[in-house]
Every structure is written in structure tokens, then in C-alpha cells.
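Let's take a friendly walk through the charged side chains of this model. Where do like charges gather, and where do opposite ones pair?

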Amino acid sequence: MVRILSHKNAELQCLAAECISHVAKFKRARKTVRENGGITKLVKLLDLGQGQAVETADATKINMARCASLALWSCSKSNKTKIAIRKAGAIRLLATLLKSTHENMLIPVVGTLQECASENEYKIAIREHQMIPDLVEHMRVSENQELQRHCASALFKCAEDAETRQIIRAHRGLEPLADLLQFKSNTQLLSAVTGAIWKCSIDPTPNVVKILQEKKVVEQLVGAGFSVSDLTKTLQAGQYNTAWLNEISQSQLTQLLTAFNMSMVGASGALYGILVAFAFLFPNTELMIIFLPLPPSTPATSHPPWPQTPTPRSSR
């Protein structure tokens with residue numbers, strides 16, 4: 001399949017890229033594609049031509065770019081492949097393809113970006129190539145919830161630094177994020193949206209607070225069970241919302257307040273924080289903790305753990 005990516009027939013190249021997009025969901029296949037130079041070949045298929053806009057490019061090249069982005073999306077689930085994609089020069093080409101208005105092109109492109117945005121180099125590159133405004137715009141104008149989810153997820157991962165958060169707010173990114181909270185049945189979309197809202201509310205300005213109040217974000221989050229920002233700020237202040245008592249008992253609420261404001265140190269504290277976060281997101285889900293079985297240490301003076309064959313006595 002990797003060799004066919006260099007074939008002269010464009011249709012064969014597209015078929016090979018689509019085939020790779022399916023098999024690359026497995027770790028071993030991703031490694032094979034990477035070690036045989038498949039990432040570089042796929043990135044070359046993203047190129048529409050020098051100075052060529054997406055809307056005026058040849059239909060064959062657009063289809064090749066779409067298939068290649070699908071394959072890169074599947075391959076990007078590997079950290080080593082993310083590095084290879086970046087070194088092959090894919091970021092600039094993905095920024096060009098992000099200008100497209102076709103959802104079948106945008107979904108794999110944004111999917112690849114949000115998958116790679118967990119790496120710091122990609123976060124910086126996405127900001128420097130001015131992709132944040134495009135992500136906000138696609139999230140605003142599109143009616144495809146899958147595309148909106150990937151856009152929100154990309155914004156969530158990129159909004160680690162204050163500069164990116166400011167860009168999102170400057171392009172009115174909070175408004176479409178708040179509007180997407182109405183789709184309460186789509187839990188994956190809600191998870192991405194609430195995460196992005198939380199990140200953008202870390203250093204709120206009066207304008208941000210106004211938008212959140214106008215869109216009734218807090219009420220929608222509480223109703224959906226994903227009130228990340230509101231819960232965090234309220235609990236950090238040692239307070240609580242009386243509406244929470246409709247869902248949990250007073251004793252449970254007291255335990256929650258105590259657990260959230262407790263100082264945590266070391267690995268045990270990190271595990272405790274994960275348990276608290278799990279309780280926030282999935283309050284009605286049973287959690288079972290399984291401890292690894294470890295054999296007890298045997299003192300030096302104790303009997304050996306395995307029976308020994310008795311030494312025969314000498315007879316006279």
C-alpha cells in the first residue's frame with residue numbers, strides 16, 4: 001500500500017490511502033507505514049500545488065488530499081507518527097486545507113489537528129499558522145456535530161496558554177461553544193465543548209463573564225452534568241450550590257467539599273485527584289479498584305516458601 005502511494009495513477013493513490021486509513025487503526029500497522037516512508041508520501045498528497053487555493057484546485061487533487069488526511073488521521077494516534085507528520089511539513093498544508101468549506105475534507109483535517117494538538121509543538125504551530133480563527137468559524141457555521149466536536153476538542157487542547165485563549169475570545173469563540181451545550185444527548189460533543197469553555201474561562205475578563213451569563217452557560221452545564229468551570233470555582237471557594245443537594249446527600253456534599261480542598265502530595269495525591277475527577281464526571285458509575293497481587297516478603301529467619309526434600313540419614 002505504501003508503494004502504491006507513489007503510483008502515477010491518482011485513483012490508485014486514493015484507494016491506497018483509504019486502505020491505510022483503515023488498517024492504521026492498529027499500532028503495528030502504523031509502525032509499518034512509518035518505517036516504510038508512508039508518512040512522507042501521505043504528506044505529499046496533501047499538497048494541492050504551489051499557491052493553489054482549495055476552492056480552485058483540481059477535483060482529483062482535492063480527493064487525493066482528502067484520502068491522505070484520512071490516513072494521517074489514523075496514523076496520528078501514535079506519538080512517533082505525530083513527530084514524523086510534523087517533520088514532513090504537514091502543518092502548513094493542513095492549514096491550507098482548513099480553508100475548505102467541504103465537510104468531507106474538513107473532518108479528517110480537523111481530526112488530525114486535534115489528535116496532534118496534544119503535542120506542544122503542534123499547539124504553537126496551530127497558533128502561528130492562524131488556524132484558531134478557522135476552527136472557531138467552522139464550529140460556528142457548520143451543522144455537522146462531528147466536525148464541531150473535533151473543532152472544540154482542538155480548541156480545548158490548544159488553549160493551554162493565555163495567548164491562544166485570547167485569540168479564541170477575540171474571534172468570539174465562546175459564543176458557538178455555549179450554543180453547542182444544547183445538544184445534551186451527544187456526550188462526546190458536550191465533553192469537548194465544556195473542556196474548551198473551561199480552558200477559555202481560566203483567566204476571565206468582564207466580556208467573557210457577560211457572554212457566559214447571556215448564554216446561561218452555568219445553568220446548561222449543571223443541567224447536563226458537565227459543570228466543570230462552575231464546580232471548580234465554587235468548590236475552590238469552599239462553597240456549594242444548593243441545587244446539588246437534589247442529587248446527593250448532605251454528607252456526600254460535605255465529603256466532596258473536604259476532598260476537593262484537601263492538600264495532595266505525591267503519587268497517592270495524584271490518584272486521589274483522579275478519583276475525585278471521576279466522581280465529578282460520572283457520579284452514578286460504579287468504580288472498582290483492583291490492587292495488583294504481590295507476594296508477602298519472606299523474612300530471612302522464616303521457613304523457605306517451598307517444601308524441601310528431606311536429606312536421607314546415613315545408616316550404619
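On the surface of this predicted model, a patch of positive charge brings together Lys 27, Arg 28, Lys 31 and Lys 80. Helix H2 supplies the largest share of the patch, three residues. One of the patch members, Lys 27, sits in H2 and counts as exposed because its relative accessibility is 68%.

Helix H2, which spans residues 27–35, also holds Arg 30. Which side chain of opposite charge is nearest to Arg 30? That is Glu 115, at 8.6 Å, and Arg 30 is buried without a salt bridge. A salt bridge needs a nitrogen–oxygen distance within 4 Å. Leaving aside residues up to four places away in sequence, the contacts of Arg 30 are Ala 24, Lys 25, Ser 74, Cys 75, Lys 77 and Ser 78.

Now for the opposite charges that do pair. The whole structure contains six salt bridges, including these:

| Salt bridge | N to O distance |
|---|---|
| Arg 127 – Asp 161 | 3.3 Å |
| Arg 127 – Glu 163 | 3.6 Å |
| Arg 140 – Glu 137 | 3.0 Å |

Arg 127, Asp 161 and Glu 163 form a network of salt bridges. Arg 127 counts as buried because its relative accessibility is 17%, while Asp 161, at 25%, counts as partly exposed, as does Glu 163 at 49%.

The pair Glu 137 and Arg 140 lies within helix H9 (residues 132–141), where three residues of separation amount to about one helical turn. Glu 137 is partly exposed at 36% relative accessibility, and Arg 140 is partly exposed at 35%.

Notes. Residues are numbered from 1 along each chain as its sequence is written. This is a predicted model: local features need pLDDT of at least 70, side-chain atom pairs count only at pLDDT 80 or more; totals for chains, interfaces and linings use all residues. Side-chain values use heavy atoms; hydrogens and water are left out. Helices (H or I, at least four residues) and strands (E, at least two) are DSSP runs, numbered from the N terminus. Buried means under 20% relative accessible area, exposed over 50%, partly exposed in between (1.4 Å probe, protein chains only). Lys and Arg count as positive and Asp and Glu as negative; His and the chain ends are not counted. Contact means heavy atoms within 4.5 Å. Patches are made of residues with over 30% relative accessible area and no salt bridge: like charges are joined within 9 Å, nonpolar side chains (Val, Leu, Ile, Met, Phe, Trp, Tyr) within 5 Å. Accessible areas come from the Shrake-Rupley method with a 1.4 Å probe; for residues, only the protein chains shown count as cover. The place of a charge is taken as NZ of Lys, CZ of Arg, CG of Asp or CD of Glu.
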